[in-house]
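Work through the exercises below with the sequence and the model open. Each task is followed by a solution in steps.

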Amino acid sequence: MEQQHMFTNRMIRNLLVPVVLEQILNSIMGTADTMMVSNVGSAALSAVSLVDSINILLIQAFSALAAGGAIVCAQYIGQKNYEKANMSARQVLFIITAISVAVSAVCLIFQKPLLRLIFGSVEADVMRASETYFFFTALSFPFIASYDAAASIFRAQENTKGPMIISMISNVMNIGGNAVLIWVFHMGVAGAAISTLVSRVFCAVVVLYQLRKDRQPIVVKDYLKIRPDWSMIGRILGLGIPSGIENSMFQLGKLAIQSTVSTLGTAAIAAQAMTNILENLNGIAAIGVGVGLMTIVGQCLGAGRKDEAVYYIKKLCVIAEIVIIVSCLTVYALARPVTILGGMEKSSAAMCIHMITWITIVKPLVWTMAFVPGYGLRAAGDVKFSMITSCCTMWACRFCLCIFLIRVLGFGPMGVWIGMFADWTVRGILFTWRFHSRRWLKHKVI
């Protein structure tokens with residue numbers, strides 16, 4: 001039976017393992033960043049976690065646009081139409097770089113008003129540190145965006161190992177840079193930000209250089225000669241924008257929640273910041289499975305094999321569930337040592353441990369079906385359902401319920417996670433229904 005499938009178990013393993021490792025590494029890099037900064041003081045930790053919530057919003061939007069391009073590339077590769085795959089790759093790089101340069105310029109010009117608008121009246125030392133951190137990270141947007149675009153092109157042609165190695169070297173550079181700039185030169189928040197900027201420039205340069213080599217189906221040279229092909233860009237944006245809106249809404253919801261949590265005092269902000277990092281860590285490997293699923297489903301549908309797309313979504317949901325259980329238990333075991341290493345105050349650490357305990361119980365029950373099938377549906381072009389569902393559940397459960405629990409019933413930061421659990425549960429039910437309806441198979445991407 002095995003040879004009748006488009007992807008053997010070995011091919012799936014070779015595709016998924018590097019993506020999962022890359023996702024875990026990126027998350028650990030964020031955690032190490034935060035832990036190193038947290039030793040500078042509470043103001044620095046608060047600044048980095050507040051600014052990172054904006055950065056993640058924008059980076060996820062770039063990542064979603066890159067994913068839109070990867071879906072188009074993967075379907076052309078499944079169709080064995082390499083000329084069109086190459087054309088779409090050039091357009092992905094062009095449009096994402098153009099958008100990220102514009103976003104970076106806006107963030108740098110309106111830096112202070114933007115931070116005041118989003119964070120309101122935070123303490124003066126937190127705002128100062130936020131401004132410094134935001135300046136350097138905004139400079140890095142075009143580099144992280146072009147890396148995302150090029151890495152997604154590699155993944156569409158089943159090369160997940162290349163981006164992983166580049167990401168691994170970049171992570172080591174970032175953490176090494178942090179250590180030197182924070183602890184040797186005592187540059188605090190600025191040191192962490194400069195280190196992040198340098199590692200992102202490295203990522204972009206190396207991955208774009210690798211994309212020029214003739215050893216793969218998609219080769220992009222002469223970057224400066226790329227001209228816009230608006231019909232292809234329209235197709236890429238048609239897939240990328242709904243996913244970008246979906247991802248951005250998630251982050252906007254987080255920002256809105258953050259402003260509510262920031263009214264609970266510094267201990268609650270620090271507890272919530274650390275819990276966010278740990279929750280991100282215990283889900284990141286399963287997100288890697290979802291990212292790999294997009295390539296598989298894209299290629300299956302490009303080859304006109306709808307039954308294979310259905311089969312692989314089921315198979316990878318099972319893999320993701322196993323990954324989630326292992327991840328949750330591992331992070332739970334590490335939670336207490338991490339709060340000690342991070343130098344958290346006792347009250348913050350206790351709040352954090354309480355929240356992570358509940359996450360470890362609930363997440364394996366509902367998370368997989370809420371997120372993993374969505375990657376397969378998007379690869380089939382069913383992006384609007386995913387966007388509408390995610391936005392509705394996020395604002396109803398994650399935002400409104402959370403604000404009600406914190407501001408009206410006085411739940412404290414745990415209210416955030418009760419809202420989150422409700423969101424995951426409702427999403428899981430809706431995505432399971434959509435998957436079984438098979439309506440997602442009626443979309444046409446190319």
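**Exercise 1. Contacts in the core**

Task: find which residues L278 contacts beyond its neighbours within four places in sequence, taking contact as heavy atoms within 4.5 Å.

Solution. Leaving those neighbours aside, L278 is in contact with V331, A335, V338, C352 and I356. Next, place L278 in the largest nonpolar core (a set of buried Ala, Val, Leu, Ile, Met, Phe, Trp, Tyr and Cys residues joined through side-chain atoms within 4.5 Å). This core has 138 residues, and L278 and W440 touch the most other members. Its largest share, 21 residues, comes from α2.

The model is predicted, so local features need pLDDT of at least 70 and side-chain atom pairs count only at pLDDT 80 or more, while totals for chains, interfaces and linings use all residues. Residues are numbered from 1 along each chain as its sequence is written, and side-chain values use heavy atoms, with hydrogens and water left out.

**Exercise 2. Geometry of α10**

Task: compare the expected span of helix α10 with the distance between its end C-alpha atoms.

Solution. Helices are DSSP runs (H or I, at least four residues), numbered from the N terminus. The expected span is 1.5 Å times one less than the number of residues. For the 37 residues of α10 (266-302) this gives 54 Å, and the end C-alpha atoms are 51 Å apart, which agrees. The helix still bends, by about 40 degrees at I284; the bend is the angle between axes fitted to the seven residues ending there and the seven starting there. As for burial (under 20% relative accessible area; exposed is over 50%, partly exposed in between; 1.4 Å probe, protein chains only), 32 of the 37 residues of α10 are buried. Just after the helix, G304 takes a positive phi of about 75 degrees.

**Exercise 3. Positive phi outside glycine**

Task: where does K80 sit, and is K80 buried or exposed?

Solution. K80 is in the loop between α2 (42-78) and α3 (82-109). Its phi is near 65 degrees, a positive value in a residue other than glycine. With a relative accessible area of 62%, K80 is exposed. Repeat the steps for E158: phi is near 70 degrees, the loop is the one between α6 (141-156) and α7 (161-184), and at 33% relative accessibility E158 counts as partly exposed.

**Exercise 4. Buried charges**

Task: state how many salt bridges the structure holds, then examine R155, R378 and R427.

Solution. A salt bridge is a side-chain nitrogen of Lys or Arg within 4 Å of a carboxyl oxygen of Asp or Glu. The structure holds 8 salt bridges.

1. R155 pairs with E22, the closest N and O atoms being 3.0 Å apart. R155 lies in α6 and E22 in α1 (residues 9-38), so the pair ties together parts that are 133 residues apart in sequence. Both R155 and E22 are buried.
2. R378 pairs with E246 at 2.8 Å between the closest N and O atoms. The pair links α12 (residues 346-379) to α9 (residues 230-261), 132 residues apart. R378 is buried at a relative accessible area of 9%, and E246 is buried at 2%.
3. R427, in helix α14 (residues 414-437), is buried yet has no salt bridge; the nearest side chain of opposite charge (Lys and Arg count as positive, Asp and Glu as negative; His and the chain ends are not counted) is E246, 4.2 Å away. Not counting residues up to four places away in sequence, R427 touches several residues, among them E246, F250 and M369.

Terms used. Helix = DSSP H or I, 4+ residues; strand = E, 2+ residues; numbered from the N terminus.
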